[in-house]
Amino acid sequence: MDFEEINNTAFTAILITKGRKTGNDHSVWLKAVMYDNKIYFSRRNPDGDWLKNATINSDVKVEFDERKFNGTALLVKDEILSKKISALKYSDKKRQEESRIVLQVTLREQQ
């Protein structure tokens, strides 16, 4: 998959996770970043249902640009990578420097 046209940019995507309690699909619109052919989502605190769901069940789906992909989610532990994602996601210097929890989604195949 070549995403050169959106690499290193922020865009809006739908993240679909399986509910950790119900097992039902849950969809949420989020600001995302494409970097090194992976999609990143982030937030300042760990209380978002989408984040909790993705850490319990790493099989997720992502929709953007009228395409739907299966993916595998993983929390980013690398602080340098987390800061890079924030710099790409936000133009505001203050927001770029805030500590964030970052979820990496490695896309598998198009559905």
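Which element supplies the largest share of the lining of the largest cavity? Let's keep that in mind while walking through this predicted model, starting with the strands and ending at the cavity itself.

A good place to step in is Thr17, which sits in strand S1, a stretch running over residues 9–18. Thr17 is buried, with a relative accessible area of just 2%, and anything under 20% counts as buried. Look around Thr17 and, beyond residues up to four places away in sequence, you will find that it touches Asn24, Asp25, His26, Trp50, Asn53, Ala54 and Val60. With one of these, Asn53, there is also a polar contact, side chain to side chain, at 3.2 Å.

Asp25, another of the residues touched by Thr17, takes us into strand S2, which covers residues 25–35. Unlike the buried Thr17, Asp25 is partly exposed, at 44% relative accessible area. Once its neighbours within four places in sequence are set aside, Asp25 is in contact with Ile16, Thr17 and Lys18. The side chain of Lys18 also meets that of Asp25 in a polar contact of 3.0 Å. For a sense of scale, try Arg43: this residue is 18 places from Asp25 along the chain, and the two C-alpha atoms are 20 Å apart.

Follow S2 onward and you come to the loop between S2 and strand S3 (38–43), where Asp36 is found. The backbone here deserves a second look. Asp36 has a phi near 55 degrees, a positive value in a residue other than glycine. Asn37 lies in that loop between S2 and S3 as well, and its phi is also positive, at about 60 degrees, although Asn37 is not a glycine. As for their surroundings, Asp36 is exposed, with a relative accessible area of 51%, while Asn37 is partly exposed at 37%.

Now turn to helix H1, made of residues 49–56, where Trp50, Leu51, Asn53 and Ala54 are buried. These residues cover an arc of only 165 degrees around the axis, which puts them on the same side of H1. The spacing makes sense for a helix: an α-helix has 3.6 residues a turn, so residues three or four places apart point the same way. This list also links back to our starting point, since Trp50, Asn53 and Ala54 are among the residues that Thr17 touches.

Thr55 also belongs to H1. How buried or exposed is Thr55? At 42% relative accessibility, Thr55 counts as partly exposed, because the partly exposed class lies between the 20% and 50% limits. A polar atom of the Thr55 side chain lies 2.9 Å from the backbone oxygen of Lys52. Thr55 and Arg20 are 35 residues apart in sequence, yet their C-alpha atoms are 9.1 Å apart in space.

Next comes helix H2, which spans 79–89. At its start, a side-chain oxygen of Asp78 reaches to within 2.8 Å of the backbone nitrogen of Ile80. Which residues of H2 are buried? They are Leu81, Ser82, Ile85, Ser86 and Lys89. Viewed down the axis of H2, these buried residues fall within an arc of 140 degrees, so they line one face of the helix.

Helix H3 (93–97) follows, with Lys93 as one of its residues. Lys93 is exposed, with a relative accessible area of 55%, and exposed means over 50%. Lys93 and Lys77 are 16 residues apart in sequence, and the C-alpha to C-alpha distance is 22 Å.

That brings us to the cavity. The structure holds 1 cavity of 30 Å³ or more, and about 50 Å³ of space lies in the largest cavity. The lining is formed by Glu79, Ser82, Lys83, Ser86, Gln96, Glu97, Glu98, Ser99 and Arg100. Ser82 and Ser86 will be familiar, as both are among the buried residues of H2. H2 and H3 each supply at least two residues of the lining. And here is the reply to our opening question: the largest share, 4 residues, comes from H2. What is the make-up of the lining by class? There are 4 polar and 5 charged residues, and no nonpolar ones.

Conventions: Residues numbered from 1 in each chain as written. Predicted model: local features only at pLDDT ≥ 70, side-chain atom pairs only at ≥ 80, totals over all residues. Heavy atoms only, no water. Buried < 20%, exposed > 50% of the residue type's maximum accessible area, 1.4 Å probe, protein only. Polar contact = N/O pair within 3.5 Å; in protein donor to acceptor, adjacent residues only side chain to side chain. Contact = heavy atoms within 4.5 Å. 1 Å grid on protein atoms, 1.4 Å probe; cavity = no way out; pocket = protein on both sides within 12 Å on 5 of 7 lines; lining within 4 Å. Points joined across faces, edges and corners; volume = space filled by probe spheres on them. Nonpolar A, V, L, I, M, F, W, Y, C, P; charged D, E, K, R; others polar. Arc of directions from axis to C-beta.
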